[in-house]
Amino acid sequence: MAYNLYQVQMAQAWKERVDKENAMAEKAQLESALARTGMDQAGGTGSVASYRTAGTRSTKKSYNTNVLRGRLDELEAALHEERALREKVEKDLSDLKQNRDR
């Protein structure tokens, strides 16, 4: 049990690290793109904060939600398949027990 908990904690730590690195890379790319377009000059209104509007944040959340829903659907389909296989094995086992008792 402790080993499994350790594995879960390590997986979560790596997930957080990857998310943090991706966020830093995205921020650097946006700053670089803004610098190339000249939006970050003194007269410009562009910055990473203003470049990311509420619309892009909600779009990303929508995309993430859709990805998670898709993954959830895949997992539910796998669960139903495993459940059907388990029920078949249980039925076969009960049939074998009945045949043995006769």
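Helices here are DSSP runs of H or I, at least four residues long, numbered from the N terminus. I keep that in view for the entries on α1 and α3. I am working on a predicted model.

**Entry 1: confidence**

I looked up pLDDT before anything else. The chain has a mean of 79. I find that 75% of its residues reach 70 or more. Helix α1 has the highest confidence, at 85. Helix α2, residues 48-51, has the lowest, at a mean of 52. Residues 40-44 stay under 50. For that stretch the model has four contacts beyond four places in sequence. Where pLDDT is low, predicted coordinates should not be read in detail. I leave residues 40-44 there.

**Entry 2: salt bridges**

How many salt bridges does a search of the whole structure find? I get six. I noted three of the pairs, as follows.

K15 pairs with D19. Their closest N and O atoms are 3.2 Å apart. Both residues sit in helix α1. They are four residues apart, about one turn of the helix. I checked exposure next. K15 is partly exposed at 48% relative accessible area. D19 is partly exposed too, at 39%.

I then moved to helix α3, which covers residues 54-101. K88 and D92 form a salt bridge there, 3.3 Å from N to O. Why are K88 and D92 separated by about one helical turn? It is because they are four residues apart in α3. D92 has a relative accessible area of 33%, so I log D92 as partly exposed.

K91 and D95 also meet in a salt bridge, with 3.3 Å from N to O. These two are likewise four residues apart in helix α3, so about one helical turn separates them. Is K91 buried or exposed? K91 is exposed, with a relative accessible area of 52%. The cut-off matters for this label: exposed means over 50%. D95, at 30%, is partly exposed.

**Entry 3: nonpolar patch**

Which residues make the nonpolar surface patch? I list Y3, Y6, M10, W14 and V18. The patch comes to about 550 Å². I picked out W14 for a closer look. W14 lies in helix α1, residues 2-37. Its relative accessible area is 48%, so W14 counts as partly exposed. Patch residues need over 30% relative accessible area, so W14 at 48% clears that bar.

**Entry 4: recap**

I have the patch with W14 and the K15 to D19 bridge on file. K88 with D92 and K91 with D95 are filed under α3.

Technical notes:
Residues are numbered from 1 along each chain as its sequence is written. This is a predicted model: local features need pLDDT of at least 70, side-chain atom pairs count only at pLDDT 80 or more; totals for chains, interfaces and linings use all residues. Side-chain values use heavy atoms; hydrogens and water are left out. Patches are made of residues with over 30% relative accessible area and no salt bridge: like charges are joined within 9 Å, nonpolar side chains (Val, Leu, Ile, Met, Phe, Trp, Tyr) within 5 Å. Accessible areas come from the Shrake-Rupley method with a 1.4 Å probe; for residues, only the protein chains shown count as cover. A salt bridge is a side-chain nitrogen of Lys or Arg within 4 Å of a carboxyl oxygen of Asp or Glu. Buried means under 20% relative accessible area, exposed over 50%, partly exposed in between (1.4 Å probe, protein chains only). pLDDT is the predictor's confidence in each residue, from 0 to 100. Contact means heavy atoms within 4.5 Å.
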